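Me: Please take a close look at the surroundings of the ligand. Start there and work outward, one step at a time.

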Amino acid sequence: MSDRLKKDLRNLSLEKIQTTLKELEEKTFRARQIYYWIWHQGVKEFHQMSNLPKDLQAKLKERFYIRSVELKEVQYSSDGTLKNGLKLYDGKNIESVLIPSLKRSTGCISSQVGCSLDCAFCATSQLPRMRNLEVGEIYDQVQILDSQSRKNFKKSLNNIVFMGMGEPLLNYKNVMKAIERIITSRNLQISARRITLSTSGIPKMIRRLADDEPRFKLALSLHAVREEIRNSIMPFSKNFPLTELLDSLKYWYSKTKDRITIEYIIWEGINDQQEDIRALVKFCKAVPSKVNLIEYNPIGKSQFRQVNEKKLQEYLHTLEKNGIVGKIRHSRGKDIDAACGQLANKNSLIPSGSNEVFIS
Ligand code: SAH
């Protein structure tokens with residue numbers, strides 16, 4: 001079979017692998033073995049599937065490939081954070097980050113090449129073109145981070161945040177499938193409760209997610225609760241009024257009984273007024289949530305400047321006075337542009353190609 005007609009084995013469900021085996025006049029129990037090799041062991045070559053007969057390995061190789069992500073470059077931060085530059089099968093580039101701490105090892109992974117949204121403060125949104133990542137491409141990032149964590153820090157990866165490049169809810173199906181593969185993998189051993197999906201806030205997709213009642217956690221990049229301000233710094237949100245967003249979060253809570261983490265950066269002269277904090281308090285009181293006040297990571301020349309520590313503490317105090325749990329979150333990996341919002345393939349030699357992105 002010509003390479004053009006071959007398919008990626010990792011885009012097939014277990015049932016589809018079974019059907020394929022029937023077509024090949026093979027025993028269907030082999031499907032579980034194949035599934036085990038690709039999703040539990042993470043193998044990328046057919047000859048590594050050692051309990052399959054050689055002729056079946058050959059038949060599979062004839063019809064399928066397993067496209068894997070290629071680790072091109074690793075950068076190390078002085079604080080121990082490590083950033084991976086990864087190349088995809090079509091030459092496009094993404095990044096993932098490993099953040100070690102005393103107790104944990106956290107992987108920050110990407111869900112899209114670039115991002116379809118337009119947050120003015122985020123470097124990823126400045127990347128020109130993009131596409132959704134495939135299930136295997138999301139899975140591979142986790143596999144690579146896990147082996148780096150074991151090798152460098154002598155512990156396995158135990159936390160995942162979808163806070164790398166892209167908007168995970170705009171690559172819904174693949175992100176959900178990848179998470180399913182990750183939490184069921186015997187090798188990875190990452191529990192759903194240690195996975196956080198961060199979204200910029202697309203109400204329709206939050207409702208869809210709530211209906212699926214996942215066990216992982218949800219974070220919302222809120223950043224402003226006055227509509228006109230949110231619309232100016234996150235222009236896509238003009239299509240999604242805050243009342244709609246809040247309703248979708250209430251719906252999420254009604255389905256999952258899991259409180260939401262609200263991510264909020266405070267910028268001088270943008271969202272640092274009394275009415276901003278009042279609006280944030282009101283929002284948080286409307287739905288069970290906690291607030292992470294995130295440190296802003298400057299991206300090139302921009303009008304955004306974070307407020308000083310005193311103001312941050314004041315904000316935190318007001319939240320606490322109102323019974324809302326808040327934390328100030330300092331960034332890691334800033335010296336290598338690995339912190340939140342800084343992932344922009346700065347080191348990539350190969351420009352990203354073009355492709356449309358859609359809700360799948
Ligand atoms: N699209 C998703 C996930 C990627 S961004 C989302 O928006 O949530 C992950 C987090 O980094 C979000 O909270 C985002 O608002 C934040 N972020 C973006 N740019 C940033 C910057 N320059 N400094 C600090 N955080 C930033």
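Reply: A polar contact is a pair of N or O atoms within 3.5 Å. In this predicted model, a nitrogen atom of the ligand lies 2.9 Å from a backbone N or O atom of Asn297. That distance is within 3.5 Å, so the pair is a polar contact. Phe121 also offers a polar backbone atom, and a nitrogen atom of the ligand is 2.9 Å from it. With Gly166, the distance from a ligand nitrogen to a polar backbone atom is 3.0 Å. In each of these three cases the protein side of the pair is a backbone atom.

Around the ligand there are 20 residues, and the closest are Phe121, Ser198, Ser221, His223 and Asn297. Phe121 and Asn297 are thus on the list of closest residues, and each has a backbone atom paired with a ligand nitrogen.

Phe121 leads away from the ligand. Apart from neighbours within four places in sequence, Phe121 is in contact with His223, Ile233, Met234, Trp267, Tyr296, Ile299 and Phe304. One of these, His223, is itself among the residues closest to the ligand.

Phe121 also belongs to the largest nonpolar core, which has 110 residues. Along with Leu9, Met49, Ile160, Leu222, Leu280 and Phe283, Phe121 touches the most other members of that core. At least three residues of the core come from domain 1 (3–65), and at least three come from domain 2 (70–336). Phe121 therefore counts as buried, because membership of a nonpolar core requires under 20% relative accessible area.

Charged side chains are the last step. Side chains of opposite charge can pair when their charged atoms come close. The whole structure holds 17 salt bridges. Four residues, Asp90, Lys92, Arg131 and Glu137, are linked in a network of them. Within this network, Asp90 pairs with Lys92, with the closest N and O atoms 3.0 Å apart, and Glu137 pairs with Arg131 at 2.9 Å, N to O. Lys92 is buried at 5% relative accessible area, whereas Asp90 is partly exposed at 30%. Glu137 and Arg131 are both buried, at 4% and 5%.

Another salt bridge, at 3.6 Å from N to O, joins Glu314 and Lys310. Both residues lie in helix 10 (residues 309–321), four residues apart, which is about one turn of the helix. Here Lys310 is exposed at 62%, and Glu314 is partly exposed at 37%.

Terms used. Residues numbered from 1 in each chain as written. Predicted model: local features only at pLDDT ≥ 70, side-chain atom pairs only at ≥ 80, totals over all residues. Heavy atoms only, no water. Core = buried A, V, L, I, M, F, W, Y, C linked by side-chain atoms within 4.5 Å. Buried < 20%, exposed > 50% of the residue type's maximum accessible area, 1.4 Å probe, protein only. Domains from an automatic or database assignment. Contact = heavy atoms within 4.5 Å. Salt bridge = Lys/Arg side-chain N within 4 Å of Asp/Glu carboxyl O. Helix = DSSP H or I, 4+ residues; strand = E, 2+ residues; numbered from the N terminus. Near = heavy atom within 4 Å. Polar contact = N/O pair within 3.5 Å; in protein donor to acceptor, adjacent residues only side chain to side chain.
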